[in-house]
Amino acid sequence: MNFELKPLSLSAAAAEKADLLVILVPEGFKPGPDTLSTVLAQALKAEDFNTKAARLLSAYRLAGVGSARVVFAGVGDGSAKAVRQAVQAALASVRAESVKRLTLVFAGAEVSAAAVRSAVQAGADGSYVYTATKPRADARVLQKVTLGLAAAPNAEQRAALAQATAAVLGIELAKEWGNRPANHATPTDLAAAAKALANRGSGVQCEVLLPRDVAKLGMGSFMAVAKGSEQELRFIVLRYQGAARTQAPVVLVGKGITFDTGGISIKPAGEMDEMKFDMCGAASVLGTFRALAELKPKINVVGLIPACENMPDGRALKPGDVVTSLSGQTIEVLNTDAEGRLILCDALTYAERFKPRAVVDIATLTGACVVALGAVRSGLFATDDTLANALQAAGDRAHDLCWRLPLDEDYAEGLKSNFADVANVAGRAGGAVTAAKFLQRFAGKFPWAHLDIAGTAWKSGSAKGATGRPVGLLLEYLLSQANHDAHQPVAKAPAKTAAASKPVKAPVKASTPRAKPSAAKKA
């Protein structure tokens, strides 16, 4: 799928040949003398249409209009959120399989860069189709999206298009791996996907550590979770270098439990199938690197993905077992279904070797976070206010929202153990916070943030599928950091930096949807 941005008045839009023409109408719209404006003016006067966000009016075979189907969609104040709602509603109102060419025209004179990004991402989201294990399913039909503006696109709007197309590529890669069933997304498969990303010649490098490598390092906590599965663990290390080697990287750590039964503390059978989504943190790291490869920002990023299954066989970790983490801290495992933190803690310790400027871990970690925030915002925890504020602002700009939750030391009381340095759970109360407090013990040597995406990584019900979140948030954060660095004073003798190309338009491959969170979502 390709996106194009070009000047397109309503009179010119009438001549466009497309399977679907969507006119995005803001409040205060002033109709002109052209055909489309005349229809709009009549509908507004008769109150058959208004410009509130996502209000629609459909027409077929309008005289003088080249597109067979026309949808007028209100965008209210023209905000990015309203544009997203309008485009989603317009696409949902037609048969997706009949739209190969889509033209979206902004009827207002003022169009923000954020609105352009929203239109692109909504168009991609509304046409995504998962086909990896559905050979008879119709693949995505939509091939080209043209965005029309009243005037020639400015530099900000063109940059927004480049960023949005790159984000779509990353979000859809994250969706694709999140949606795959566990027998088609093993730790080995996930490692192969990371290698394939590096093999694109995109500036991304990949190293995969095998069980013997992990054992040699001393990742006892990670290895303990993997023991109960016939599928071997993999520890994936991704590197993107867009700046000088001397620049400290941002490290992203993605939880990669490719299937979670709960282990010996086994989950209820109902909706356990959704535990294939327990690697959506890992998928979001892959997706973010896919987007970085397109945009090539001047920043260094490392991705760490501990990948394994959590299964209940005779070798599996048992409640009451004590394991030794890479940090040397011992952990009493009171609940084997709190396994995500056991693999993440070793990855956080491993992150120290990169001397990072910041570390962000992303995990479908706790059902408690779903209870607290639902499916709207991801939970955000951080030891550094600057990092927390930057992530929250990035989420707001990307419409991939998060909300900061506390890390008071009092919450750590329940993690005390008589038999180890720390227990892996602290009871039901404040479960999302106590999980974060556990991870904090292993993140004391760098600014650290934790994103709990248990409520936002996938949808349940009839719209079941991965959302690709929080790729949008992560990409926006990294680009903001690169932009900040670019405006800092240049050192007298700077190290040689890798060349970074200008953002370019990118084709988008691939396909899903969102309902209320499942009861099986993480413990």
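**Figure 1. Packing of helices α12 and α14 in the predicted model.** In this predicted model, helix α12, which covers residues 385–398, packs against helix α14, which covers residues 471–486, with the two axes 8 Å apart and at an angle of about 120°. Angles from 65 to 115 degrees count as roughly perpendicular and those over 145 as roughly antiparallel, and α12 and α14 are therefore oblique to each other. The crossing of these two helices, α12 and α14, is right-handed.

**Figure 2. The cis peptide bond before proline 470.** Arginine 469 and proline 470 are joined by a cis peptide bond, with omega at about 0°. Proline 470 lies in the loop between β20 (465–466) and α14, the helix that also packs with α12. Most peptide bonds are trans.

**Figure 3. Helix α10 and its surroundings.** Helix α10 is formed by residues 340–351, and the C-alpha atoms at its ends are 16 Å apart, in agreement with the 16 Å that 12 residues should span at 1.5 Å a residue. Because 12 of the 12 residues of α10 are buried, the helix is largely enclosed by the rest of the structure. The buried residues of α10 include Arg341, Asp346 and Thr349, as well as Leu342, Ile343 and Leu344.

**Figure 4. Cysteines without a disulfide partner.** The structure holds 0 disulfides, and for cysteine 345 the nearest cysteine sulfur, that of cysteine 308, is 12 Å away. Cysteine 345 has 0% relative accessibility and therefore counts as buried. For cysteine 369, the closest cysteine sulfur is in cysteine 402, at 10 Å, which is too far for a bond. Cysteine 369 also counts as buried, because its relative accessibility is 3%.

**Figure 5. The three-stranded sheet with β13 and β17.** This open sheet of 3 strands has the order β12-β13-β17 and mixed pairing. Strands β12 (322–324) and β17 (422–423) stand at the edges, and each has a single partner strand, so one side of each is left without a neighbour in the sheet. Strand β13, made of residues 330–332, pairs with β17 in the parallel sense over 2 bridges, and glutamate 332 stands opposite alanine 423 in β17.

**Figure 6. The six-stranded sheet with β2 and β4.** An open sheet of 6 strands, again with mixed pairing, follows the order β1-β6-β5-β2-β4-β3. Its edge strands are β1 (2–7) and β3, each of which pairs on one side only, and the twist averages 20° from one strand to the next. Within this sheet, strand β2 (residues 20–25) and strand β4 (residues 69–74) run parallel and are joined by 5 bridges, and alanine 73 in β4 is the bridge partner of leucine 24.

**Figure 7. Positive phi at alanine 54 and at lysine 296.** Most residues other than glycine have a negative phi. Alanine 54, although not a glycine, has a positive phi of about 75° and is found in the loop between α2 (35–45) and β3 (56–60), where its relative accessibility of 27% makes it count as partly exposed. Lysine 296, likewise not a glycine, has a positive phi of about 50° and is found in the loop between α9 (280–295) and β11 (300–310). Lysine 296 is partly exposed as well, with a relative accessible area of 28%.

Definitions and conventions: Residues are numbered from 1 along each chain as its sequence is written. This is a predicted model: local features need pLDDT of at least 70, side-chain atom pairs count only at pLDDT 80 or more; totals for chains, interfaces and linings use all residues. Side-chain values use heavy atoms; hydrogens and water are left out. A disulfide is a pair of cysteine sulfur atoms within 2.5 Å. Buried means under 20% relative accessible area, exposed over 50%, partly exposed in between (1.4 Å probe, protein chains only). Two strands pair if DSSP finds at least two bridges between them. Helices (H or I, at least four residues) and strands (E, at least two) are DSSP runs, numbered from the N terminus. The expected span of a helix is 1.5 Å times one less than its number of residues. Axes are lines fitted to C-alpha atoms, for helices over the stretch in contact, and angles run from 0 to 180 degrees between N-to-C directions. Angles under 35 degrees count as roughly parallel, over 145 as roughly antiparallel, 65 to 115 as roughly perpendicular and the rest as oblique. A crossing is left-handed if the near helix is turned anticlockwise from the far one by less than a right angle, and right-handed if clockwise.
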